[in-house]
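This report goes through one protein chain, from its interior to its surface. Please keep the sequence and the 3D view open while reading.

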Amino acid sequence: MDWNEWQRVLKWRALEEGDADGVLVNAERRREATAHTRAGLASEEIKGDSLDERSESFLDKRAEWLEREAVGWRGELIRVLALLRVPQGRWAWALAGWGIALVAGYGFTDLGQSSEFNLLALPLVGLLAWNAVVIVLGVLFELMPASPLAGHGGWLAEFLAHGISRAGKATKEVESGVAAGVRTKFEELAWPLAWRRLQMRLRLWLHVAAALLALGGAVALYARGWSKEYRAVWESTLLDDHKASAFFDTLFKPASTVLRKPVPLEQIHGMHRTAGKAITPAPALPWIHLYAGTLLVLVIVPRLLLAGIGAARSRRGITRGARSLSWGNYLRGLIRAVEGGDERIQVLVHAMEATPTHREVWDRGVRGRFGGMARAEYVRIPAGDEDEFAAEWQPVSARLVMLFSMATTPEAEVQRRLVSDVRQRLLTKHAEPELIVLLDGTSLAGRWSAEKIAGRERLWTQMVEGLASEVIVAVRKESARMPAAVS
């Protein structure tokens with residue numbers, strides 16, 4: 001996928017994870033999108049947290065389907081999607097910089113004031129020396145492995161991106177808790193990738209600018225020579241005739257080979273302008289050809305190659321970074337929402353009443369684990385009757401969910417013993433049962449912090465260790481910071 005396609009996928013992931021209660025897009029529409037695009041992909045095939053080609057293709061097609069079907073949906077959804085933008089530069093910045101580089105290259109090429117072309121003029125030789133250093137460093141940098149994604153892309157990237165598409169500053173239109181949660185999730189997923197991409201594109205643009213700077217210098221050599229006859233000379237405090245011949249032979253050798261034009265070293269002695277010596281300036285055109293060829297071979301072509309390598313490296317790096325954004329739970333949740341058929345999952349509810357409000361959250365937890373089409377059958381265990389219930393209860397399948405209130409501090413003599421007794425009853429009929437503990441946090445949203453909920457989950461996990469296959473937390477999302485279901 002290209003960057004625009006990744007943005008589309010990340011937008012819908014942020015929207016679905018930040019809008020777990022389906023305020024903007026309901027669960028039925030999400031299941032419909034998955035059913036239309038998964039092409040037989042099953043949740044059991046999703047291993048680990050990274051994406052493979054098949055799951056990446058599924059996410060791309062699903063996001064495309066959702067985007068196409070979003071036309072005519074709720075107006076708030078369209079506004080929220082419009083707010084999900086990433087920091088990025090404008091092509092206008094790049095084009096302006098390239099134009100300045102071309103003009104600067106033309107202006108900095110000094111051909112002298114007396115119709116003389118000084119072969120050692122600093123604007124020309126300095127341009128070659130500077131590019132030689134930068135090209136070597138650029139090659140070494142491109143050969144180095146990519147560093148981990150950072151939160152920002154460097155001061156230059158932040159400066160150029162400032163005020164262009166900083167989504168965090170465009171939030172006044174939609175201030176609902178759902179919109180804020182979606183925006184926060186999108187920035188968490190997409191912004192590190194966007195900063196890295198912008199940083200790498202800036203290096204690419206600078207390589208192109210350097211090539212245009214050299215091109216401007218080469219064009220100036222011919223343009224100024226069109227209306228004036230230049231004569232080639234050289235002068236130096238550091239070089240004598242012999243050293244100058246060796247220097248020019250080395251400098252112009254690559255261009256001489258490519259252009260098949262010899263370096264006229266026999267003219268070096270007469271071209272040397274020094275005190276007390278009459279000079280014989282040489283025609284400048286052969287030297288202009290060699291200088292322009294040198295700029296082409298040693299500056300323009302290498303810089304454009306580095307730009308191409310940087311572009312390919314940027315695409316690979318962004319793809320690699322996007323694929324590693326912990327997709328496992330999200331993918332499995334999407335697929336499981338359309339799996340399960342008519343499977344009946346028995347849920348043993350300990351000391352709680354299955355009110356409609358609670359059932360909505362419990363159903364989401366069960367379907368998120370066993371498939372969106374699974375049917376939950378709730379059986380209440382009265383407080384104080386745990387032993388009698390476990391002795392009389394009969395399993396209906398190998399899969400079972402035991403539901404406890406998360407606000408309750410688990411005790412070994414009550415909750416762990418009950419789970420152990422129920423598991424033993426399961427083993428009498430099923431050799432490999434699957435027992436899931438579901439923790440109800442319906443009343444905790446807005447009252448407990450995420451850290452406190454995570455701590456209580458760890459306590460329950462330790463309490464049922466060795467008995468339950470998995471512990472799932474189900475929380476109604478009544479604030480933008482609280483997840484609806486965390487496993």
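## Surroundings of Trp327

Outside its neighbours within four places in sequence, Trp327 is in contact with eight residues that can be picked out in the view: Trp6, Val9, Leu10, Arg13, Asp49, Leu51, Leu59 and Ala322. The model is a predicted one. Trp327 is also among the residues with the most contacts inside the largest nonpolar core, together with Leu10, Trp12, Leu15, Leu59 and Phe186.

## Nonpolar cores

The largest nonpolar core comprises 53 residues. Two or more residues come from each of α1 (3–18), α3 (53–69), α4 (75–83), α5 (91–108), α8 (177–226), α11 (285–323) and α12 (328–336). The greatest contribution is that of α8, with 17 residues. Apart from this core lies another one, of 30 residues, including Leu120, Leu124, Phe248 and Leu295. In soluble globular proteins, nonpolar side chains tend to be buried together.

Helix α8 also holds Trp195. Is Trp195 buried or exposed? Trp195 counts as buried because its relative accessibility is 0%. In sequence Trp195 is 108 residues from Pro87, while the C-alpha atoms of the two are 6.7 Å apart in space.

## Salt bridges within α1

There are 18 salt bridges in the count for this model. Side chains of opposite charge can pair when their charged atoms come close. One of the salt bridges is between Glu17 and Arg13, whose closest N and O atoms are 3.2 Å apart. Both residues belong to helix α1, and because they are four residues apart there, about one helical turn separates them.

The two partners are covered to unlike degrees: Glu17 is partly exposed, at 28% relative accessibility, whereas Arg13 is buried, at 4%.

## Salt bridges between separate elements

Glu377 and Arg344 form another salt bridge, with 3.0 Å between the closest N and O atoms. Glu377 sits in strand β5 (residues 375–381) and Arg344 in strand β4 (residues 344–350), so this pair ties together parts that are 33 residues apart in sequence. Glu377 is partly exposed, with a relative accessible area of 26%. Arg344 is partly exposed too, with a relative accessible area of 40%.

In the salt bridge of Arg369 with Glu434, the closest N and O atoms are 2.3 Å apart. This pair links distant parts of the chain, since Arg369 is in helix α13 (residues 356–370) and Glu434, 65 residues away, is in strand β7 (residues 434–440). Arg369 and Glu434 are both buried. Through shared partners, salt bridges also join Arg13, Glu17, Lys185 and Glu188 into one network.

## A sheet of three strands

One open sheet has three strands in the order β1-β2-β3, and their pairing is mixed. Why is one side of β1 and of β3 left without a neighbour in the sheet? Strands β1 (116–118) and β3 (282–283) stand at the edges and have a single partner strand each, so one side of each lacks a neighbour.

Strand β2 (residues 231–233) runs antiparallel to β3, and two bridges join them. Opposite Ala232 stands Ala282, a residue of β3. Strands of a sheet pair through backbone hydrogen bonds, either parallel or antiparallel.

## Surface patch

On the surface, Leu102, Tyr106, Leu215 and Val219 make up a nonpolar patch, and their accessible area together is about 310 Å². At least two residues of the patch come from α5, and at least two from α8. Val219 is located in helix α8, and with 41% relative accessibility Val219 counts as partly exposed.

## The chain as a whole

The protein chain contains 16 helices and nine strands. Its length is 487 residues, of which 46% count as buried. Of the contacts between residues at least 6 apart in sequence, 84% join residues at least 24 apart. The chain exposes about 24200 Å², and 56% of this area is supplied by carbon and sulfur atoms.

Notes:
Residues numbered from 1 in each chain as written. Predicted model: local features only at pLDDT ≥ 70, side-chain atom pairs only at ≥ 80, totals over all residues. Heavy atoms only, no water. Pairing = 2+ DSSP bridges. Core = buried A, V, L, I, M, F, W, Y, C linked by side-chain atoms within 4.5 Å. Buried < 20%, exposed > 50% of the residue type's maximum accessible area, 1.4 Å probe, protein only. Contact = heavy atoms within 4.5 Å. Salt bridge = Lys/Arg side-chain N within 4 Å of Asp/Glu carboxyl O. Patch = residues over 30% accessible without salt bridge, like charges linked within 9 Å, V, L, I, M, F, W, Y side chains within 5 Å. Areas by Shrake-Rupley, 256 points an atom, 1.4 Å probe, with all protein chains shown as cover.
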